[in-house]
Every structure is written in structure tokens, then in C-alpha cells.
Amino acid sequence: MTTWRTRIEPFTRPLFFAHARASRGMTLGVRGVAVDGEGRVLLVKHTYLRGWWLPGGGVERGQSCEDAVVREMREEAGLIVEGRPILLSVHSNERHFRGDHVLVYRIDRFTLTDRTSRGEIADIGWFDPCALPDDTHRATRDRLAEIFGGADCATSW
């Protein structure tokens with residue numbers, strides 16, 4: 001189903017990024033690695049990006065990083081975090097977004113409900129970290145290889 005947001009998001013998202021670059025010295029984002037009882041990880045497909053990604057987004061002014069990942073998981077995937085998420089790694093995203101950093105959290109305890117975000121997420125799915133869809137984004141593959149495959153943790157996103 002194509003919504004108005006799906007049609008305009010590819011055009012408005014670059015404007016949002018340009019505004020963020022101009023108005024902030026540094027930006028901070030979070031990604032959540034939710035793992036279910038079968039060892040599968042939750043991935044999302046955005047309406048404005050290609051491929052499968054770890055759910056997440058920006059940390060808002062006055063918000064903690066933990067609160068941001070809890071909010072993003074609820075909005076994008078309908079996942080209600082139980083307990084505190086566990087900080088796994090911090091990455092510089094300098095090559096893609098000057099001054100940006102991304103924190104990755106693991107979430108093992110949660111319940112599922114309806115997503116609160118409308119129009120941003122095209123699809124969600126649970127996948128074995130060793131058998132990801134072909135169109136899984138490189139950064140997502142890298143993070144999951146670090147977490148589940150024993151790869152060295154990179155400092156860059």
C-alpha cells in the first residue's frame with residue numbers, strides 16, 4: 001500500500017538531514033537489537049531507505065539514549081521494552097553524516113503491540129542473524145556480525 005508519506009518521504013528526508021546538519025554540532029542516534037526466544041533479531045524496512053535495518057532513530061533534545069531506543073522500538077516495531085536495554089557499542093557515522101554517532105543497544109525482554117509510527121515503516125520481520133535477507137543494509141550486517149558472529153567491533157558505522 002502506497003501512502004502519501006511513502007511518496008514524499010524520499011524528498012523531505014534530505015531536507016530534514018540538511019536542517020539537522022546546519023542546526024546541530026553533533027547528532028546522536030540509537031539502534032535496537034531485539035532478540036526473541038528463538039534467537040531471531042527484529043529488522044525493519046523504512047519507506048525512505050532501501051533494505052532491512054535495525055530499528056532506531058535520533059535522540060531528541062532532553063531525552064536519554066536509553067529513552068530514545070525505548071521510544072523508537074515502540075514507534076517503529078510495536079515493541080515495548082521490559083527492563084533496561086543493554087548498551088553494546090558506540091559508532092561514529094562521520095562518513096555518512098558529519099558529527100553523527102550511533103549507539104547500539106540489545107533488548108532481550110519485551111512484549112509486542114501495535115506500532116505507533118504511521119507511514120515511516122513499510123515492513124517488520126524477525127530473522128536468524130546468520131540467515132539475513134539479501135537486501136539487509138551493510139551496517140546492519142556488520143553490527144549483527146559483531147554481536148553474534150564474533151567480528152571485531154568497528155568504531156565506524
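The largest nonpolar core here has 15 residues, and the members that touch the most others are Val30, Ala34, Met73, Leu79 and Ile107. Four elements, strand S1 (27-34), helix H2, strand S5 (79-81) and strand S7 (100-107), each supply at least two of its residues. Helix H2 is the top contributor, giving five. Please keep in mind that this is a predicted model. The points below start from that core and work outwards to the sheets, the helices and the overall build.

**Cores and a well-connected valine**

- Val30, one of the core residues that touch the most other members, has a long list of contacts beyond its neighbours within four places in sequence.
- That list includes Pro55, Gly56, Gly57 and Val59, then Cys65, Ala68, Val69 and Glu72, and finally Val102, Leu103 and Tyr105.
- A second core, separate from the one above, holds 13 residues, among them Val33, Leu54, Phe127 and Leu132.

**The four-stranded sheet**

- An open sheet with mixed pairing is built from four strands in the order S4-S1-S7-S6.
- At its edges are strand S4 (56-58) and strand S6 (86-92), each of which pairs on one side only.
- On average, neighbouring strands in this sheet are turned by 20° against each other, with direction ignored.
- As general background, sheet strands pair through hydrogen bonds of the backbone, in either a parallel or an antiparallel arrangement.
- Strands S1 and S7 run parallel and are joined by eight bridges.
- Two of the pairs along S1 and S7 are worth finding in the viewer: Ala34 has Ile107 in S7 as its bridge partner, and Gly32 stands opposite Tyr105 in S7.
- The Ala34 and Ile107 pair also ties back to the core, as both residues are among those touching the most other members there.
- On the other side of the pairing scheme, S6 and S7 are antiparallel and share six bridges, with His91 standing opposite Val102 in S7.
- S7 is mostly covered, with six of its eight residues buried.

**A glycine in strand S1**

- Gly29 has its place in strand S1 and is buried, at a relative accessible area of 9%; the cut-off for buried is under 20%.
- Although Gly29 and His101 are 72 residues apart in sequence, their C-alpha atoms are 6.1 Å apart in space.
- Not counting residues up to four places away in sequence, Gly29 touches Gly57, Gly58 and Val59, as well as Asp100, His101, Val102 and Leu103.

**The three-stranded sheet**

- A further open sheet has three strands in the order S3-S2-S9, and its pairing is antiparallel.
- Strands S3 (52-53) and S9 (121-127) stand at the edges with a single partner strand each, so one side of each has no neighbour in the sheet.
- Helix H2 (residues 65-77) packs on this sheet, where it touches S2 and S9, and its direction makes about 65° with that of S2.
- Strand S2 (residues 41-46) and S3 run antiparallel and are joined by two bridges.
- One residue pair to look up between these strands is Val44 and its bridge partner in S3, Trp53.

**Helices on the four-stranded sheet**

- Helix H2 also lies across S1, S4 and S7, running at about 60° to S1.
- Helix H3 (residues 138-148) lies across S1, S6 and S7, and its angle to S7 is about 45°.

**Overall build**

- The protein has three helices and nine strands, which follow the pattern α-β-β-β-β-α-β-β-β-β-β-α along the sequence.
- Its radius of gyration is 15 Å, close to the 15 Å that the globule rule gives for 157 residues, so the protein is as compact as a globular protein of that length.
- The C-alpha atoms fill a box of roughly 40 × 35 × 30 Å along the principal axes.
- Of the 157 residues, 41% count as buried.
- Among contacts between residues at least 6 apart in sequence, 69% join residues at least 24 apart.
- The protein exposes about 8700 Å², and carbon and sulfur atoms supply 52% of that area.

Conventions. Residues numbered from 1 in each chain as written. Predicted model: local features only at pLDDT ≥ 70, side-chain atom pairs only at ≥ 80, totals over all residues. Heavy atoms only, no water. Pairing = 2+ DSSP bridges. Contact = heavy atoms within 4.5 Å. Axes fitted to C-alpha atoms, helices over the stretch in contact; angles between N-to-C directions. Core = buried A, V, L, I, M, F, W, Y, C linked by side-chain atoms within 4.5 Å. Buried < 20%, exposed > 50% of the residue type's maximum accessible area, 1.4 Å probe, protein only. Rg over C-alpha atoms; globule rule 2.2 N^0.38 Å. Areas by Shrake-Rupley, 256 points an atom, 1.4 Å probe, with all protein chains shown as cover.
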